[in-house]
Amino acid sequence: MANIVIDPQKTIGTISPYIYGHFTEHIGGVIYDGIWVGEDSSIPNINGIRLSLIEHLKRINPSVIRWPGGCFADRYHWQDGIGDRNLRPRRYGRWNDVTEPNHFGTHEFIEFCRLVNAEPYIAGNVGTGSAEEFQQWIEYCNAPKNTTTLAEMRGNNGSIEPFNVKFWGVGNEAWGCGGNFTPEDYADHYRQFTTWLPAYGLPLYCIACGPNGDDHDWTRRFFQQYAKASRTAINGWSFHYYCGSAGGAIDFTSAQWYELLNKANYMEKIINSQWELLAEFDPQHHIKLIVDEWGAWHPSGTEINPNHLFEQVSTMRDALIAGLTLDIFNRHADKVYMSNIAQMINNLHSLFLADENKFVVTPNFYVYEMYKCHQGNVSINVEFNSSEIDEMPYLMGSASMKDKMIFLTVTNIHIADSIETEIIINEGSIKEAVIAELANNDIHAHNTFENPYEVVTKIVKTEPRNGKLVFTFKPASVSCFSILLD
Ligand code: AHR
C-alpha cells in the first residue's frame, strides 16, 4: 500500500493567494468573444463582460489577473483604450494580423477585476513605449481624485476614485517579442522605467522580465548589469515556462501522456535553479519568483473558432498538469509569489471556452476550484511514498494548514492503476475528511459545448479509522482533501 505522511510541524511558508492568478491578453478570442461581448450583446453580460465567465470566476477566487499581454503589451499604448468607445483608434497587427478595436481598455479591465474580486496586474510597454508613458499610466490609474490632469481625465472617463493598481510588469518577454533586448539593454531599460515611479502612498510591486524557462545567462547578465548603477526596486522576477509537443491536445498516446507530465514537472527544477541563482545577487531573497505565463502549449488543430488563435481543447491530461504545477508552487511557497496560467479563456491552457453564446468550463477549471482551499494557508511538508513510472512517483501533491484544518491535493498520474493509500498526519489524528475528486475512465476526456459535464468533480465520503484515512486514488485523477483534525 502507498502512503502519504503529512507533517504539520514542518512549515514551508505562506501560500500567496496570487499563486492562483490568471492571464488575459488581446490575442485571438481571449478578450473579444471570451471576456468582452459588449454592452449591447444578446449574450448575458454585466457592463459588456460575459456574465457566465464572471459567475464561474467567482467560484475559484481568481486573486489576480494579468493584462494586456503577453507580446501584445509591448505594442500597446494605453491612451488608445480610454474614453468614448466609439471614438477609440483602431490599430492593426498588435499580435498577429488583426485589427484591435480598443473597446476593452483600462476601465473595462479594472471593472472586470472588480466584478470577480481580483487584483489587477498590468504589464507596461517597454518594447515600443517610453518610461514616461509607463509612468503616466500609473498616474492615470493611481493618482488621487482630481489631483492631476490625468486623474481628472480618469474621472471624466467614469472613475473619479483611483484604481490603486499595485502590480506592474516592466514589459513582457524582453528577451523575445518584448523588444529582443540583450539582458544588459533590458537591465538599463528596467532602471530607466522604474527610477521615478509615482507611488501615491501605495507601494508598487514591480516585476522584471526574467528568463525563458531556466536561462541562466539571461538572469546572470541582467543582474550583473543592473548592479552597475543605482538599483531601483525589483519585487518580482518573472519567468515563463510552457510545456508541449507531446502529441496533440486531444490525440496523444499513453507514452505521450507521461512525456508531457514529465515536462510539466520540469517547473520544479526551474524554480530551484533560478532561486539559487538569485541568491548570488539577492542573498536575503527580497525578490520572489513570478511565473506569469505557464501551461501546456499543444500543436494547433483543436481551435473551435478559427479566429481564436492558439485555442486548444483541454483534456484530463491538462487537468493533471494544472494539479501538478499548482502543487509545485505550493511546495515552494517560500519562493513563488505569483503565477498566472496562460490563458484564462479561449487560449492555450484555458479554464473556459466560449464562442458567441456558447460557454463551457474545461477540466482545468475544476482543478482551480478544488485547489483554491490552499490560498493564504501555511504550506506544510508532505511525503508521498508510492511506486514510480517514467521516473515519476504515481502520487504527487502538496498540503497546507489553516487552524485545525489540513488541505491535501494529490495527483495520481498512472493511467491504469488505482492506488490504495494510507494518509497519516504526523503527531495528529484525523477526525473528519471530505474529498473532491476529478477523474474519468478516458485520459482524453474533455468537456464540449454539446457535452459540458463529461469531466466534473465529485464529492467522495471516507470515514477515518484510528485517526488515519485509507483512500483509493483512481487512475489519472486529481483529488482534494479537506481534513479536520481531532
Ligand atoms: O500566451 C501566448 C504568448 O506566449 C504570449 O503573448 C507571450 O508572452 C508568450 O510567448
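Eight strands close into a barrel here, and going around it the order is β2-β5-β8-β9-β10-β11-β12-β13, with parallel pairing. On average, neighbouring strands of this sheet are turned by 25° against each other, if direction is ignored. Please keep in mind throughout that this is a predicted model.

Let me take one pair from that barrel, namely strand β2, residues 21–23, and strand β5, residues 64–67, which pair in the parallel sense over two bridges. Within this pair, Phe23 has Arg66 of β5 as its bridge partner, and Phe23 is also one of the residues that surround the ligand.

That brings me to the ligand itself, whose surroundings include, besides Phe23, the residues Glu25, Gly70, Cys71, Trp95, Asn172, Glu173 and Tyr242, and further along the chain Glu293, Trp297, Gln343 and Leu348. Sorted by class, this shell has six nonpolar, three polar and three charged residues. As for polar atoms, a backbone N or O atom of Cys71 lies 3.0 Å from an oxygen atom of the ligand, an N or O atom in the side chain of Trp95 is likewise 3.0 Å from a ligand oxygen, and a polar side-chain atom of Glu293 lies 2.8 Å from an oxygen atom of the ligand. Taken alone, the ligand exposes 280 Å², and the protein buries 93% of that.

Finally, a word on helix α2, residues 106–115, which is mostly covered, with eight of its 10 residues buried. The buried residues are Thr106, His107, Glu108, Phe109, Ile110, Phe112, Cys113 and Leu115. After α2 comes Asn117, where phi is positive, near 60°.

Terms used
Residues numbered from 1 in each chain as written. Predicted model: local features only at pLDDT ≥ 70, side-chain atom pairs only at ≥ 80, totals over all residues. Heavy atoms only, no water. Buried < 20%, exposed > 50% of the residue type's maximum accessible area, 1.4 Å probe, protein only. Helix = DSSP H or I, 4+ residues; strand = E, 2+ residues; numbered from the N terminus. Near = heavy atom within 4 Å. Polar contact = N/O pair within 3.5 Å; in protein donor to acceptor, adjacent residues only side chain to side chain. Areas by Shrake-Rupley, 256 points an atom, 1.4 Å probe, with all protein chains shown as cover. Nonpolar A, V, L, I, M, F, W, Y, C, P; charged D, E, K, R; others polar. Pairing = 2+ DSSP bridges. Axes fitted to C-alpha atoms, helices over the stretch in contact; angles between N-to-C directions.
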